[in-house]
Amino acid sequence: MTETAMTQTPKSRFQNFDFKTAGPAIALILLCIIGFLLNPAFLSEGNITNLLTRSAFIGIIAVGATFVITAGGIDLSVGSMAAVIAGVMIIVMNGAVDTFGTGVTTVLIGCGCSVILGIGAGFINGFLTTKGKIEAFIVTLGTMGIFRSLVTYFADGGTLSLNYDIRGVYRPVYYDSFAGLPIPVWVFIVVAICGWLLLNRTAFGRYCTAIGSNESVARYSAIQVDRIKTWTYVLQGLCVSLATIIYVPRLGSASSSTGVLWELEAIAAVIIGGTVLKGGYGRIGGTILGALILTTIGNILNFTDMISNYLNGTMQGLIIIVAVWLQRGDWGRKHKNN
Amino acid sequence: MPDGQTIAASVLCAERISKSFGTVPVLFSVSMDIKAGEVHALIGENGAGKSTLMKILSGFHQPTSGRILMDGQEMTLPPNGETEKLGVVLIHQELNLAEQMTVEENVFLGREITNRGRLDRQQMAEVVQGYLDDIGLNIAPGDRISDLSIAQKQMVEIVKAMSRDARVLIMDEPTATLTEAETKLFFKQIARLKEQGVAIIFVSHKLTEVKEISDRVTVMRDGQWIATQEASDLTLDAMAQMMVGRELSDLYPPINEADVDADRVLEVKNLYAPDVEGVSFYLRKGEVLGFSGLIGSGRTAVFEAICGLAPIDGGEVLFDGAPAEFTSVSKARDAGVVYLTKDRKGKGLLLDKKMRENLTLFALPKFVRNGSVDRKAEAKAMERAVRRFDIRSRDANIDVGDLSGGNQQKLLLAKVMECDPRILIIDEPTRGIDVGTKQQIYHFIAAIAAEGVSVVVISSEMPEVIGVSHRVAVMREGQITGILSGDHINENEIVRYAAGLKRETNHD
């Protein structure tokens, strides 16, 4: 037991070079080289910013998921949550046009609504998991279904479209750039830095890790386990709401197919990044690399005819399995002995 | 020792068994024999070697030297529970049942009766029902284990053993977790098994029970065989006397005279909580108060309730003379009341983390500056703790799970001391650690008390409680049966209170 638990944490086995920590970075660099060899346009500025922007949604959600998973939980509802938040945001903004016009105020109301919904939905997940004492997997499987059906209901089975004039005001949030980088990338960067500080430099981050590592020890160490766990879900909800705020202006619409499978991509990004699925060890930096890796695969497939774009899921699936296989401690040991 | 006749009749016999783990000897030439249709009690203090002997008799350990005879034939018992096939079954204290499965499924687990590849449930149910009727147990084969009481689960274990045609049943403290009524029922069934000619080895700390149920009694102390006698020839006092009888050495630090006028920092009045039935005591400033009693007598439960780890159902807790009910561990910690768990690996330390993270986890709010954890302060605290508690590790970056038990225990002590408590409660301070570290821990406890911290030491090791405490409270079945001080603190007295032979009706 101790043995397996130990091997989960990366250790410098080879002087200061830590393969397991550096793994995701190496993988991303390899992917970029492959992409460049297949088509030099891969490394063009346009493609890079496009890639970063697309990574932002999954990346921001995955930062939240890193906290949930590090504290030993799981949140399957994030994709549906994003969809329902997008739907309600559009309804609220369309409704606010009469009172507040089509200006910035309406957009801000929409954003505020998104944040409140995200935090509220996260709180529900956290509350049911901790106070309700229901497994996180079950709770979020349930809310996943609920959120998904709600957005279908709000859209009456079709698509909710944002008022055309508001779309004009809101558009820059997705399409404009600041200092050469698109706004979503900036949001991603800020979320990532805050997430890193929170996980690695605050008592909250330490508590998340402790709870995921051993909940009994955490309880006996005067940690308010239920409160901290609930906070991780609230944080996850907040991240989803931020991702939704930058996602809505991209298409200006929401439907039952919005955000489908985002939860799996977010969890995949977290796992590829080296966070341990059963909790106790989390890496924000790894998560960000994981999100970039997932997007890069899709991007490369777009650039080449060698593999059909329809096999995107296959490639992502393979990467996830290989990543986790590489993180297994005994692989490194065996390798070293050889 | 057994004469020729008993050897002939004994089912299982251990002759001059010695056992060492590595270089540490734990059994010294111990002999014991069990006859068919006999209940043979094995008694001794914790650490006397009873468990090791039982494990050797059931094949889980191999003796370093000595012989095992079965039906007079010398043999090597097969390991890993395979002795069950020979009819020797060990029932562990932690029962070994699949909670979510039914009684019938558990009894036949691993050797299900099948009929052309399909489970023959009806036949299995009939067989199990037969056994249940036999021992007069009022449950159905289809009942789920998780729905049964502990006593019933214990009986299911026995049925399981019977269905394997057990001839020797070895039971490790079967009554430790049973209520009095359940124990009565249990004994009735033991009597039936006896009539059927089953040989039963019964390990217990409850001397009255031993006297009541057993035919013969074997006493062990410090890994040595002390005596085997007819139970009818032994008085309870004589048993206690034989179990005890060790001189206290300078393993323990000199105890400073207790200041009887010191303030009472903690006063508990008629406390009720899960497994606690009306407990009252007080704790003075700078005093070491020992808590003795059998495992499961409610010692841990009292302090888990006081420290906010379990709900308080009734009674009063006064801290510094003012009512205090800590609803969470963090509130207790902030007030200066800390509990150091006996379950070092399960509840005490994060085994896959470094020492520093473990050290500061309990008092982490103290290390927060401007919203973030002050890593320099943490490093300094680590240095201090290593010096003060002599924590030794090959490498400061080692995972805590790789430290020795003694160093883990020191780190755990350092961890709770990090928040400068006023009341320190240590549960089993030296469980599973070597004697050198034990001595260090005892000196730390004395030093901490000398600084004015009040210390509660909960321990199942009597010499330890006696060696470090100013006063000793003895618990039995959720109640304090006596609080001893001065010359009254000795093993004989404690055993009598713990076993329920003596009881203070009115203590202060």
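Chain B of this predicted model contains 17 helices and 24 strands. Its radius of gyration is 25 Å, close to the 23 Å that the globule rule gives for 508 residues, so chain B is as compact as a globular protein of that length. Measured out along the principal axes, its C-alpha trace spans about 70 × 55 × 50 Å. The chain is divided into three parts: domain 1 covers 4-243, domain 2 joins 248-336 with 421-508, and domain 3 covers 350-420. Taken over C-alpha atoms, the centres of domain 1 and domain 3 of chain B are separated by 43 Å.

Two open sheets of chain B can be followed strand by strand. Strands of a sheet pair through backbone hydrogen bonds, in either a parallel or an antiparallel sense. One sheet has six strands in the order S18-S21-S22-S15-S23-S24, and its pairing is mixed. Strand S18 (337-340) and strand S24 (479-485) of chain B each have a single partner strand, so they stand at the edges with one side left without a neighbour in the sheet. From one strand to the next, the twist averages 20°. At the S24 edge, strand S23 (residues 471-476) of chain B pairs with S24(B) in the antiparallel sense, over six bridges. Within this pairing, B:Met475 has B:Ile480 in S24(B) as its bridge partner.

The other sheet is an open one of four strands, ordered S14-S13-S16-S17 in chain B, and its pairing is antiparallel. Here the edges are strand S14 (276-284) and strand S17 (322-323) of chain B; each has a single partner strand, so one side of each is left without a neighbour in the sheet. Strand S16 (residues 314-319) of chain B and S17(B) run antiparallel and are joined by two bridges. In S17(B), B:Pro323 is the bridge partner of B:Leu318.

One helix links the description of these two sheets. Helix H9 (residues 299-306) of chain B lies across strands of the six-stranded sheet, namely S15 (288-293), S18, S21 (423-427), S22 (454-458) and S23, and runs at about 140° to S22(B). H9(B) also lies across S13 (264-273), S14 and S16 of chain B, running at about 110° to S13(B).

Chain A has a secondary structure of 16 helices and four strands. For its 338 residues, a compact globule would have a radius of gyration near 20 Å, and the value for chain A, 20 Å, agrees. Its C-alpha atoms fill a box of roughly 70 × 55 × 35 Å along the principal axes.

A helix pair in chain A can be examined in detail. Two packed helices are described by the angle between their axes and the distance between the axes. The axes of helix H3 (residues 45-70) and helix H12 (residues 225-251) of chain A come within 8 Å and cross at roughly 175°. That angle makes H3(A) roughly antiparallel to H12(A). On the H3(A) side, the residues in the contact include A:Phe57, A:Ile60, A:Gly64 and A:Phe67. Among those they meet in H12(A) are A:Thr232, A:Leu235, A:Gln236, A:Leu242 and A:Tyr247. The residues of this contact divide into 17 nonpolar, three polar and no charged.

Finally, there is the contact between the chains. Chain A gives 20 residues to it and chain B gives 24 residues. On the side of chain A that touches chain B, the elements giving two or more residues are helix H1 (2-8), helix H10 (203-213) and helix H11 (215-220) of chain A. The residues of that side divide into seven nonpolar, ten polar and three charged.

Definitions and conventions. Residues numbered from 1 in each chain as written. Chains lettered and ligands numbered in written order. Predicted model: local features only at pLDDT ≥ 70, side-chain atom pairs only at ≥ 80, totals over all residues. Axes fitted to C-alpha atoms, helices over the stretch in contact; angles between N-to-C directions. Parallel < 35°, antiparallel > 145°, perpendicular 65-115°, else oblique. Contact = placed C-beta atoms within 7 Å. Nonpolar A, V, L, I, M, F, W, Y, C, P; charged D, E, K, R; others polar. Domains from an automatic or database assignment. Pairing = 2+ DSSP bridges. Rg over C-alpha atoms; globule rule 2.2 N^0.38 Å.
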